[in-house]
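Open the structure in a viewer and keep the selection tool at hand. The stops below say what to select next and what is there.

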Amino acid sequence: MSDKTNASRRDFLKGSTAVAASVAVASQIGIARTAHAAGSDVIKAALIGCGGRGNGAIEDSMNADPGIRVIAVADAFEDRVQGTARRLREKRADRVDLPDDRVFSGLDAFEKAIAAGADLIITATPPGFRPMVYAAAIAAGKHVFMEKPCCVDAPGYRKLMEANQMAEDKGLKVGVGFQRRHQPEYVETIKRIHDGAIGDVKLLRAYWNGGGIWNRPRKEGATEMQYQVDNWYHFCWLSGDNICEQHIHNLDIVNWAWAKDGDPKLAHPVEANGMGGCLQRYLGGNKGTGQIFDEHFVEFTYADGTKMYSQCRHIPNTFSSVSEYVHGCKGESNCAGWIKGETEWRFRGDGVNSMVQEHKDLIAAIREGKPYNEGWHGASSSMTAVLGRMATYSGKTVKWDDAIVKGKSAFPEK
């Protein structure tokens, strides 16, 4: 994309950057003034992004801890944010403090929600907006839970990494919506893989193959921007394509399984090549309603030469699987409860609601003042998906370092 495009993106971000910078000055006086103080019963939360996942995330957070109080909600669309506010007031009356002047709509609504006095920001906007919301929240001294993917392009990844370091420096806690990392069967299985149960890892496989997702019709009178933001999954600048939006769960697991040394900043492939296409979306009656691919197949390579083969697809009545596999010199595993080979093992423990558990773990870290920053693997796994998309869109081998430095913004010029 051209320098003009990058300049347009900078102009788009300028307002949010200025707000974030001004709030950051105040936060330097002392994190305790803006972030939840350990030991307090109530944690004030603001929700940014009132779609299905946002409404789910705020419910999961309240179910995770009785001290969560919702004090602000924000969304680009007035009807959506008002619907969320109404539901919370009706169903969670004892858990909300939500006057009309803390119900925000518009593309700048996230700035208002961040400035509304919350301790914890829960963000579930379309992914394209996520890096700027996250960076602004961290600059303002807020703890953050952000849904995945955390970015859809290389500039977004760079912004994430800067914000992650700022969170570390400020002692802020960051959770990311990779709920599998909070499921006991995954935690125990991957620990055993790291401890050598299948020997040295030689090959990894990841799948998110299914029939497809929703497609919202254009509303009467909607502008092109309104239509694309409302139908965000189908536009690369907003969703990152299905390899980022859904398949990222599987990519995160195989990154985690490969990264025996545990450093999330290094838990990613170093290059990718692949192929993909969008024939089904054109033949299926949705021509002109979006721009993402139907399918991606990517061969990723890690720093030690290990290969990872990745499939994701939106085509009905085809082979479907949402799964991950790791193959070693002594056996294999599905990462989620069994190991076969020289070691035979199955997980026998109790399960949890992982989408609640991820909030419990974040809130416990906030209350106890313990280091907690899932933003690092959020960034690595998100950029892994972006790397794969860059390979399938270009048809070329793309190296991680080149993608980080040279990767262009996915945002539209206007």
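Select Cys329: this residue is partly exposed, with a relative accessible area of 48%, where buried means under 20% relative accessible area, exposed over 50% and partly exposed in between (1.4 Å probe, protein chains only). This is a predicted model, in which local features need pLDDT of at least 70 and side-chain atom pairs count only at pLDDT 80 or more, while totals for chains, interfaces and linings use all residues. Residues are numbered from 1 along each chain as its sequence is written, and side-chain values use heavy atoms, with hydrogens and water left out.

Go next to Cys150, which counts as buried at 0% relative accessibility. Select Cys151 as well: its sulfur is the closest cysteine sulfur to that of Cys150, but at 6.9 Å it is too far for a bond. How many disulfides does a search of the whole structure find? The search finds 0, a disulfide being a pair of cysteine sulfur atoms within 2.5 Å.

Now colour the chain by pLDDT, the predictor's confidence in each residue, from 0 to 100. The chain averages 91, and 89% of the residues score at least 70. Select residues 1-34, where pLDDT stays under 50. Where pLDDT is low, the predicted coordinates should not be read in detail.

Switch to a cartoon view. The chain has 15 helices and 15 strands; these are DSSP runs numbered from the N terminus, with helices (H or I) of at least four residues and strands (E) of at least two. Of the 414 residues, 57% count as buried.

Then select Ala124, Thr125, Pro126, Arg130 and Trp232, which lie nearest the centre of the largest pocket, among 38 lining residues. A pocket here is an open set of points on a 1 Å grid over the protein atoms alone, where a 1.4 Å probe fits, with protein on both sides within 12 Å along at least five of seven lines; lining residues have an atom within 4 Å of a point. Add α2 (52-64), β2 (68-75), α4 (109-114) and α5 (130-139), the elements that give two or more residues to this lining. The largest share, 3 residues, comes from α2.

Finish on Pro126, in the loop between β4 (120-123) and α5. Is Pro126 buried or exposed? Pro126 is buried, with a relative accessible area of 15%. Leaving aside neighbours within four places in sequence, Pro126 is in contact (heavy atoms within 4.5 Å) with Val229, Trp232 and Leu238. Select Lys148 last: its C-alpha atom is separated by 9.6 Å from that of Pro126, 22 residues apart along the chain.
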